[in-house]
Amino acid sequence: MSVFLGTHENRFDAKGRVSIPAGFRSVLKSQQKEGDALVILRPSHTLPCIEAWPAVAFARLTEPLDRLDMFSDEHDDLAAAIYADAYPMDPDREGRLILPDFLREHAGLQASGTAAFMGVGRIFQIWEPEAARLRRAEARQKSRRVTIPAAPQTSQRED
């Protein structure tokens, strides 16, 4: 499985378009299924950035909704949070997108001449460049305290 790696800065052109980095486009295209948009953009729940999801990964994100009562408040709230601000996008031939104003505002990109594309594994994020630099520094600092539990051991009996 291909993942999104690195941080890349690209400029907005005079028409407000910004290019998805070529390596990121390759990962998106490798995961794209016929009929799906190349990428789905949505505001992050917790960070001032735009999340960019391959359609197949976005479908996995939404699977837990099926376990909720579709007439419950929890389902309605989660569905609105996930779907209402999600934008399926296909870039032009040069890999450029016009980011919806709502998403540019969420990420603080209204006045910015550049955007930072930050790979975070199965998705990538689009940031205002200085905010991206600060986020990476914060993540490096916080990650020093993270301990990943060991995989569960299976006992094997010898007879």
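Biologist: Which residues sit on the two faces of β7, and are they buried or exposed?

Modeller: This is a predicted model, and in it both faces of β7 are covered. Thr114, Ala116 and Met118 are on one side, Ala115, Phe117 and Gly119 are on the other, and all are buried.

Biologist: Why the alternating sides?

Modeller: In a regular strand the side chains alternate between the two faces of the sheet.

Biologist: OK, and how many residues of β7 are buried?

Modeller: Six of the six, so β7 is largely enclosed by the rest of the structure.

Biologist: Which strand is joined to β7 by five bridges?

Modeller: That's β1, residues 7-11, and the two run antiparallel. If you want a landmark, look for Asn10, which stands opposite Ala115 in β7.

Biologist: And how many bridges between β7 and β8?

Modeller: Four, again in the antiparallel sense. Ala116 stands opposite Trp127 of β8 there.

Biologist: What's between those two strands?

Modeller: Four residues, and β7 and β8 form a hairpin. Gly121 is in the turn, with a positive phi of about 90°.

Biologist: Switching to packing. Which residues touch the most other members of the largest nonpolar core?

Modeller: Leu41, Leu99, Phe124 and Ile126, out of 22 residues in that core. At least two residues each come from α1 (22-31), β3 (39-43), β4 (50-53), β7 (114-119) and β8 (124-127).

Biologist: Which element gives the most?

Modeller: α1, with three residues. There's also another core lying apart from this one, with eight residues, including Trp53, Ala55, Ala86 and Ile123.

Biologist: Is there a general reason to look for such clusters?

Modeller: In soluble globular proteins, nonpolar side chains tend to be buried together.

Biologist: Back to Leu99. What is it in contact with, leaving aside neighbours within four places in sequence?

Modeller: Leu99 is in contact with Phe12, Val18, Leu41, Ile50, Arg104, Leu109 and Ile126.

Biologist: Now Leu61. Where does it lie?

Modeller: In helix α2, residues 55-62. Leu61 has a relative accessible area of 28%, so it counts as partly exposed, in between the 20% limit for buried and the 50% one for exposed.

Biologist: Which residues does Leu61 contact, skipping those within four places?

Modeller: Arg42, Trp53 and Ile82. Leu61 and Ile82 are 21 residues apart in sequence, and their C-alpha atoms are 8.7 Å apart.

Biologist: And where's Pro48?

Modeller: Pro48 is in the loop between β3 and β4. Pro48 is partly exposed as well, with a relative accessible area of 41%. Leaving aside neighbours within four places in sequence, its contacts are His106, Ala107 and Trp127.

Biologist: How far apart are Pro48 and Leu134 in space?

Modeller: 12 Å, C-alpha to C-alpha, with their positions 86 residues apart in sequence terms.

Biologist: Zooming out, how many helices and strands are there?

Modeller: Five helices and eight strands. Along the sequence the pattern reads β-β-α-β-β-α-α-β-β-α-β-β-α.

Biologist: What box do the C-alpha atoms fill?

Modeller: Roughly 70 × 40 × 30 Å along the principal axes. Of the chain's 159 residues, 38% count as buried.

Biologist: What about the surface and the charges?

Modeller: The protein chain exposes about 10200 Å², and carbon and sulfur atoms supply 51% of that. It carries 21 positive and 23 negative side chains, with the centres of the two sets 10 Å apart.

How values were computed:
Residues numbered from 1 in each chain as written. Predicted model: local features only at pLDDT ≥ 70, side-chain atom pairs only at ≥ 80, totals over all residues. Heavy atoms only, no water. Core = buried A, V, L, I, M, F, W, Y, C linked by side-chain atoms within 4.5 Å. Buried < 20%, exposed > 50% of the residue type's maximum accessible area, 1.4 Å probe, protein only. Contact = heavy atoms within 4.5 Å. Pairing = 2+ DSSP bridges. Areas by Shrake-Rupley, 256 points an atom, 1.4 Å probe, with all protein chains shown as cover. Lys, Arg positive; Asp, Glu negative; His and termini not counted. Charge placed at Lys NZ, Arg CZ, Asp CG, Glu CD.
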